[in-house]
Amino acid sequence: MSVDPSARPRSTAAAPWHIAVLHGGPSSEHDISVVTARGVVASLFAGGHTVTPVWVDRAGAWHFSPAFRQGEDGAPSSTPAPDSGVASPTPLSAPEALARLRDSGIDCAFLAFHGTYGEDGRVQGALELAGVPYTGSRVTATALAMDKPLARRVLAS
């Protein structure tokens, strides 16, 4: 369920979005995912969007940070940087987190995962089942790209 801008529930294409930035995860590339998320959060915030960082710890628990949004005067409501590495008092399981994302009113989940877990189709599949729009390739393309020998065979044919 990649994001289709024409299907946005907004009245104008220029309206700011509310974007959840998903990052971390139980991958060996956890730390680089956190670095990526910091840049993404800062860029989206600078573009006027409301951003909710969602950090997945190495054990697979999901942690929601408060949303960063611009005040009416253009000043930030808080410092836009994900609280990655800081456990929230009530971490959520993946199903609980997916339900929260679905019901939160976000426009899109930006996937800032690296390596397995976020680049192998699992998170994309879960987001699709939960009805949460997300960035990037869909499940099949993502899973195929992670299986390098199979991807080579498919591309060669």
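Rings of Phe, Tyr and Trp form an aromatic pair if their centres lie within 6.5 Å, the six-membered ring being used for Trp. Planes over 60 degrees apart make the pair edge-to-face. The exercises below use a predicted model.

**Exercise 1. Find how many aromatic pairs the structure holds, and classify the geometry.**

Solution.
- Step 1. Count the pairs: the structure holds one.
- Step 2. Name the partners: they are Phe113 and Tyr117.
- Step 3. Check the distance. The ring centres are 5.4 Å apart, and the cut-off is 6.5 Å.
- Step 4. Check the angle. The planes stand at 85°, so the pair counts as edge-to-face, the class for angles over 60 degrees.
- Step 5. Ask whether the partners are buried or exposed. Phe113 has a relative accessible area of 6%, so Phe113 is buried. Tyr117 has 14% and is buried as well.

**Exercise 2. Lay out the fold from the N terminus on.**

Solution.
- Step 1. Count the elements: there are five helices and four strands.
- Step 2. Put them in order: β-α-β-β-α-β-α-α-α.
- Step 3. Turn to the contacts between residues at least 6 apart in sequence. Of these, 64% join residues at least 24 apart.
- Step 4. Add burial. Of the 157 residues, 41% are buried.
- Step 5. Add the surface. The accessible surface is about 8,200 Å², and carbon and sulfur atoms account for 58% of that area.

**Exercise 3. Describe the largest nonpolar core, and say which elements supply it.**

Solution.
- Step 1. Give the size: this core has 20 residues.
- Step 2. Find the members that touch the most others: Leu22, Trp62, Leu101 and Leu127.
- Step 3. List the elements that each supply at least two residues of this core. The strands are β1 (18-24), β2 (50-56), β3 (62-64) and β4 (108-111). The helices are α2 (94-103) and α3 (122-130).
- Step 4. Look for another core. A second, separate one has 11 residues, including Val41, Leu44, Phe45 and Cys108.
- Step 5. Follow Leu101. Setting aside residues up to four places away in sequence, Leu101 touches Ala20, Leu22, Val54, Trp62, Phe64, Ile106, Leu127 and Val132.
- Step 6. Stay with Phe64. Arg100 lies over the face of this ring, 4.1 Å from the ring centre.

**Exercise 4. Place Val34 and Ala15, and say whether each is buried or exposed.**

Solution.
- Step 1. Locate Val34: helix α1, residues 30-46.
- Step 2. Judge Val34. The relative accessible area is 8%, so Val34 is buried.
- Step 3. Compare chain and space. Val34 and Leu22 are 12 residues apart along the chain, and 9.3 Å separates their C-alpha atoms.
- Step 4. Locate Ala15: the segment before β1.
- Step 5. Judge Ala15. The relative accessibility is 17%, so Ala15 counts as buried. The cut-off is under 20%.
- Step 6. Find a partner in space. Ala15 and Gly48 lie 33 residues apart along the chain, with 9.0 Å between their C-alpha atoms.

**Exercise 5. Contrast Gly115 with Arg122: which is buried, and which is exposed?**

Solution.
- Step 1. Locate them. Gly115 sits in the loop between β4 and α3. Arg122 belongs to helix α3.
- Step 2. Judge Gly115. The relative accessible area is 5%, so Gly115 is buried.
- Step 3. Judge Arg122. The relative accessibility is 51%, so Arg122 counts as exposed. The cut-off is over 50%.
- Step 4. List contacts beyond four places in sequence. Gly115 meets Ser27, Glu29, Asp120 and Met146. Arg122 meets Thr116 and Tyr117.
- Step 5. Add C-alpha distances. Gly115 and Ile32 are 83 residues apart in sequence and 9.6 Å apart in space. Arg122 and Ala143 are 21 residues apart along the chain, at 8.1 Å.

**Exercise 6. Find where confidence is highest and where it is lowest among the elements.**

Solution.
- Step 1. Begin with the whole protein. The mean pLDDT is 81, and 78% of the residues reach 70 or more.
- Step 2. Find the high end: strand β4, at 96.
- Step 3. Find the low end: helix α4 (residues 139-146), at a mean of 73.
- Step 4. Check residues 4-8. There pLDDT stays under 50. For this stretch the model has four contacts beyond four places in sequence.

Methods. Residues are numbered from 1 along each chain as its sequence is written. This is a predicted model: local features need pLDDT of at least 70, side-chain atom pairs count only at pLDDT 80 or more; totals for chains, interfaces and linings use all residues. Side-chain values use heavy atoms; hydrogens and water are left out. A nonpolar core is a set of buried Ala, Val, Leu, Ile, Met, Phe, Trp, Tyr and Cys residues joined through side-chain atoms within 4.5 Å. Buried means under 20% relative accessible area, exposed over 50%, partly exposed in between (1.4 Å probe, protein chains only). Contact means heavy atoms within 4.5 Å. Rings of Phe, Tyr and Trp (its six-membered ring) pair if their centres lie within 6.5 Å; planes under 30 degrees apart count as stacked, over 60 as edge-to-face and the rest as tilted. A charge sits over a ring if NZ of Lys or CZ of Arg is within 6 Å of the ring centre and within 35 degrees of the ring normal. pLDDT is the predictor's confidence in each residue, from 0 to 100. Accessible areas come from the Shrake-Rupley method with a 1.4 Å probe; for residues, only the protein chains shown count as cover.
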